[in-house]
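Below is a short briefing on a protein model, written to be read alongside its sequence and coordinates. Individual residues come before the chain as a whole.

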Amino acid sequence: VFHTLISHWKQHINTTLEPLLSAYKSSLDVGNLEFAASPLLVYGNNLYYSGAELAKVEAKLTAFSKNITELHQKTILNYLQITRQAVMNLRLQPENYVLLRGAAYDEETMIPSHQEAGDITAIFYAYFQKMILSYLMEKSTDRENAKLARQHSLTIVSVYTIAVFYFYESLVQLRAYPEMSAAQQKQIRQQLRANQKKLKKWAQHAPMNYQHKHWLVAAEWQRVSGRVSAAAELYDRAIALAKENGYLQEFALGNELAAKFYLEQNKGTIARAYMAEAYYAYQRWGATAKVSQLEVKYPHWFSSKGETETGTSIT
């Protein structure tokens with residue numbers, strides 16, 4: 001319970017992993033099957049959120065899914081399989097990146113099943129993971145997925161997942177902000193202020209987990225507000241801190257957003273440098289789907305061999 005609900009508010013998310021594994025083993029020893037399954041779910045989620053290489057994350061989630069199946073904890077298994085399928089989507093380049101359908105999970109049959117069972121936690125996890133995938137892959141469904149995740153978020157309290165949700169929800173809304181009506185922009189600003197208030201407070205207590213998230217959202221806000229110098233500084237702060245604390249996926253994302261920002265300023269040379277950092281970081285993370293998306297979107301910078309237009313390797 002401590003390493004699920006409390007420690008990440010003060011300590012790096014990685015410090016939860018070994019204690020959660022110990023909790024699984026000790027619960028198994030005394031025959032408490034639910035408390036044996038729960039730590040495996042949280043371990044898998046936290047490993048994913050920490051920026052660990054996706055091949056390692058998928059291997060752990062696959063092993064844990066077998067463990068939880070043997071414990072006959074179907075509800076917890078459903079939650080884990082949603083995360084596992086999201087990771088597989090990022091690694092394996094499915095035809096539809098944001099459709100959770102594969103070896104681990106099929107949203108077309110499972111979401112109606114969750115609705116029938118009244119399992120709003122499972123519904124949250126499904127739309128939460130779809131929100132992240134649709135945002136990363138730049139699909140227009142990201143706002144709808146964010147809305148549906150929020151509607152089912154009442155049970156997601158105190159776990160690290162809720163902070164990741166607020167982070168991505170803010171980024172989703174800010175991406176759409178320039179195209180919204182004045183009334184919609186007002187609603188987005190209200191939601192953004194509420195989310196940022198939370199992230200700022202959490203960053204004061206655990207900057208290693210939350211400060212770079214707060215800064216990256218702030219950078220995007222400065223960007224859409226036209227405050228160029230402030231945005232540039234905040235991108236660099238967020239990128240540096242994400243790197244320092246090992247959040248590889250958020251280091252990649254920060255570089256990608258900074259690159260797009262500099263493209264908007266018609267500073268192509270600087271933009272290319274940031275995008276190269278993003279591209280290489282996504283490669284190291286193992287997000288093959290995202291790497292391919294960047295190759296398609298920026299063919300003048302990247303080839304399918306991971307080379308720049310000048311033919312030098314991005315390392």
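His72 is exposed in this predicted model, with a relative accessible area of 68%, and its backbone carries a positive phi of about 60° although the residue is not a glycine. His72 lies in the loop between α4 (54-70) and α5 (74-92). A second residue with a positive phi, Ser158, is described next to His72 below.

**Loop residues with positive phi**
- For His72, the relative accessible area of 68% places the residue in the exposed class, because exposed means over 50%.
- Ser158, which is likewise a residue other than glycine, has a positive phi near 75°, and its place is in the loop between α8 (142-151) and α9 (160-176).
- Is Ser158 buried, partly exposed or exposed? With a relative accessibility of 25%, Ser158 counts as partly exposed, because that class lies between the limits of under 20% for buried and over 50% for exposed.

**Nonpolar core**
- The largest nonpolar core holds 112 residues, and the members that touch the most other members are Tyr48, Phe128, Tyr168, Leu253, Tyr282 and Trp285.
- Helix α7, which covers residues 120-136, gives the most to this core, with 12 residues.
- Trp285, one of the core members named above, touches Tyr48, Gly51, Ala52, Glu53, Leu54, Leu90, Leu136, Leu248 and Gln249, when residues up to four places away in sequence are not counted.
- Tyr48 therefore appears both in the list of core members that touch the most others and among the residues that Trp285 touches, where a contact is a pair of heavy atoms within 4.5 Å.

**Fold and overall dimensions**
- The protein chain contains 15 helices and 0 strands.
- The radius of gyration of the protein chain is 19 Å, which agrees with the value near 20 Å that a compact globule of 315 residues would have.
- Along its principal axes, the C-alpha trace of the protein chain spans about 60 × 45 × 35 Å.
- Among the contacts in the protein chain with a separation of 6 or more, 63% are between residues 24 or more positions apart.

**Burial, surface and charge**
- Of the 315 residues in the protein chain, 57% are buried.
- The accessible surface of the protein chain comes to about 13900 Å², and carbon and sulfur atoms account for 52% of that area.
- The protein chain has 34 positive and 28 negative charges, and the mean positions of these two sets are 6 Å apart.

Terms used: Residues numbered from 1 in each chain as written. Predicted model: local features only at pLDDT ≥ 70, side-chain atom pairs only at ≥ 80, totals over all residues. Heavy atoms only, no water. Helix = DSSP H or I, 4+ residues; strand = E, 2+ residues; numbered from the N terminus. Rg over C-alpha atoms; globule rule 2.2 N^0.38 Å. Buried < 20%, exposed > 50% of the residue type's maximum accessible area, 1.4 Å probe, protein only. Areas by Shrake-Rupley, 256 points an atom, 1.4 Å probe, with all protein chains shown as cover. Lys, Arg positive; Asp, Glu negative; His and termini not counted. Charge placed at Lys NZ, Arg CZ, Asp CG, Glu CD. Core = buried A, V, L, I, M, F, W, Y, C linked by side-chain atoms within 4.5 Å.
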